[in-house]
Amino acid sequence: MGRRLTIAIDGPAGSGKSTVARQVAAMLGYLYLDSGAMYRAVALKALERGTGLDKHAELESLTRETHIELKAPTAEQEAAGLKNRVFLDGREVTEAIRTAEVAQAASQLATIAGVREVLVAEQQRAGQGGGVVMEGRDIGTVVFPNAELKIFLEASPEVRAQRRWKEHQEKGDHLTLIEVLQEVRERDKRDRERKVSPLVRAKDAVLVDNTAMGIEETARLIVFLANERAAS
Ligand code: CDP
Ligand code: CDP
């Protein structure tokens, strides 16, 4: 067995980061960490408390006093498609953070430098030591700029919205495909254009477009690249 790498997977909403990263981690026996879940958890807390998303100083303090834990799902939960269990100040919010409303709030919160600073430090702590697959928007550029393998996962906006829409349908959320496409486009635009840590491909990231690729095929490609890096 080679070295235990740090693998960073970044990309826009619905490109397959969580699903693929989880599978790559399982194939390599690595830890899987979903950084977006942390932004979503703080966003949920802010929404519940009624803290305005324009109150930057308040949101930064709120983030500092928040405890987020990411845990591996049980075998049963995993079989049901769950990737990371998320606990917000000790309360499970795994399902609660997966709404379109929380996604939008998370992307607004993610524009605040002070909030990012706190969460990035936690992500660095959680992933220290390697043997980890972390996914998000700034993992290869800011959180782990020295990651041995960086992937920028892409797919067309239409396919990404279609994938997300299907998930909402399965949960019984009756959003139209157009509404989901709009939500995804709006969030991508904000993520790509923000001043702090925008969504951008790191120069040394491998671009993987999985518009026409399945989950398994995409994960196998990344594992192949990881094995190559680990051996070199
Ligand atoms: O984490 P991210 O928003 O990038 O995407 P995801 O939650 O992993 O994937 C969104 C949906 O697309 C999930 O339901 C995946 O099962 C599905 N997917 C797919 O059908 N084909 C792929 N190649 C990748 C993901
Ligand atoms: O699953 P999906 O790709 O839709 O979103 P997510 O990964 O759960 O992230 C939700 C939001 O958090 C994103 O739209 C970003 O604004 C923000 N985020 C970020 O700024 N940096 C990260 N490393 C991860 C997420």
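**Group meeting: two nonpolar cores and strand β7**

Let me start with Ile 68, which, once residues up to four places away in sequence are set aside, touches Met 38, Ala 41, Val 42, Val 86, Phe 87, Leu 119 and Glu 122. Please keep in mind that this is a predicted model.

Ile 68 is among the residues with the most contacts inside the largest nonpolar core, a set of 32 residues, and it shares that standing with Leu 59, Val 86, Ile 97 and Leu 119. The elements that each give two or more residues to this core are the helices α2 (35-49), α3 (56-64), α5 (100-109), α6 (113-127) and α7 (139-143), together with the strands β4 (85-88) and β6 (132-136). Of these, α2 gives the most, with eight residues. There is also a second, separate core of 21 residues, which includes Val 24, Leu 28, Val 208 and Ala 226.

Now to strand β7, residues 149-154, where one may ask why it is largely enclosed by the rest of the structure. The statement follows from burial, because six of its six residues are buried. In a regular strand the side chains alternate between the two faces of the sheet. Here, Leu 149, Ile 151 and Leu 153 point one way from β7, while Lys 150, Phe 152 and Glu 154 point the other way, and all of them are buried, the lysine and the glutamate included.

As for its neighbours, β7 pairs in the parallel sense with β1 (residues 6-10) over four bridges, with Ala 8 standing opposite Lys 150. β7 also pairs in the parallel sense with β8 (residues 206-209), again over four bridges, and there the bridge partner of Glu 154 is Asp 209.

Key: Residues numbered from 1 in each chain as written. Chains lettered and ligands numbered in written order. Predicted model: local features only at pLDDT ≥ 70, side-chain atom pairs only at ≥ 80, totals over all residues. Heavy atoms only, no water. Buried < 20%, exposed > 50% of the residue type's maximum accessible area, 1.4 Å probe, protein only. Pairing = 2+ DSSP bridges. Core = buried A, V, L, I, M, F, W, Y, C linked by side-chain atoms within 4.5 Å. Contact = heavy atoms within 4.5 Å.
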